[in-house]
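Here is a short report on one protein model. Please read it alongside the sequence and the coordinates.

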Amino acid sequence: MKLEHPEHNDQSTDLPQAPAAESSDTASAPAAQEPVTPSAAQPADSPKPRDKKPVVIYIMILFIAAFLLMTLSFFMHQRSNTEVLGELQDSVNAMQAVQQTQEKVIELQEELSDTQDQLDALQAEKDASDEALLDANRELDAMIGLYSLQQSYLTEDYDTCRSILQSMEDQGLPELLPDEEPSGTTAPSLRYQQLKEAILNQ
């Protein structure tokens, strides 16, 4: 008779165990959620922003160094350009000075050439004047010789006459005697021929 309701006995035994299972589940639930609490996650994530600060500072230092290097390079390049421009300006000034000197030299050469031409012309005039003076002196010597010859002939000094004739012939003076006849007188060249023939016939 005791074995008629076995299921009833199982249910009576199972009923008091249900709250125990719930209490165990409730007790175990907080334990499973403890690793994901904010207080436990915060120490693991806190070093990340601290690690980013040195990287940012390093990048800023590199940027500033690059900027300083670019600025220094710019000023050095600007200074180099200024020096090159100064040297070019000096070269241009020197070339201009040389060009001006060359122009002055050319002008002086032209003036010297003109002066040399004038000197040549004056020298030619002087030579012509000297030659004319020499011819005039030789013509005067010829006239003096003719006069001396005539005076010696009038005094019948035939030896002196022959000496004068020889001297005049040696100097070529007879060719310088004028052929023109002055008014009322015989031409000097003709008078010389007359005296020469008269003296040689003596």
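The report goes from the whole chain to a surface patch and then to one helix.

**Overall picture.** The model is predicted. The protein has six helices and zero strands. From the N terminus on, its elements run α-α-α-α-α-α. The table collects the totals for the protein.

| Property of the protein | Value |
|---|---|
| Residues counting as buried, of 202 residues | 10% |
| Contacts joining residues at least 24 apart, among those between residues at least 6 apart in sequence | 57% |
| Exposed area | about 16700 Å² |
| Part of the exposed area supplied by carbon and sulfur atoms | 59% |

**A nonpolar patch.** Six names belong together on the surface: Val56, Met60, Phe63, Ile64, Phe67 and Leu68. They make a nonpolar patch of about 640 Å². One of them, Ile64, lies in helix α4, which covers residues 47-154. Is Ile64 exposed or partly exposed? Its relative accessibility is 46%. Exposed would require over 50%, and buried under 20%. Ile64 therefore counts as partly exposed.

**Helix α6.** This helix covers residues 188-200, which makes 13 residues. How does its span compare with the expected one? At 1.5 Å a residue, α6 should span 18 Å. Its end C-alpha atoms are 18 Å apart, so the two values agree. Buried residues also occur here. Pro188 and Ser189 are buried in α6. Further along the helix, Tyr192, Leu195, Ala198 and Ile199 are buried as well.

Technical notes
Residues are numbered from 1 along each chain as its sequence is written. This is a predicted model: local features need pLDDT of at least 70, side-chain atom pairs count only at pLDDT 80 or more; totals for chains, interfaces and linings use all residues. Side-chain values use heavy atoms; hydrogens and water are left out. Helices (H or I, at least four residues) and strands (E, at least two) are DSSP runs, numbered from the N terminus. Buried means under 20% relative accessible area, exposed over 50%, partly exposed in between (1.4 Å probe, protein chains only). Contact means heavy atoms within 4.5 Å. Accessible areas come from the Shrake-Rupley method with a 1.4 Å probe; for residues, only the protein chains shown count as cover. Patches are made of residues with over 30% relative accessible area and no salt bridge: like charges are joined within 9 Å, nonpolar side chains (Val, Leu, Ile, Met, Phe, Trp, Tyr) within 5 Å. A salt bridge is a side-chain nitrogen of Lys or Arg within 4 Å of a carboxyl oxygen of Asp or Glu. The expected span of a helix is 1.5 Å times one less than its number of residues.
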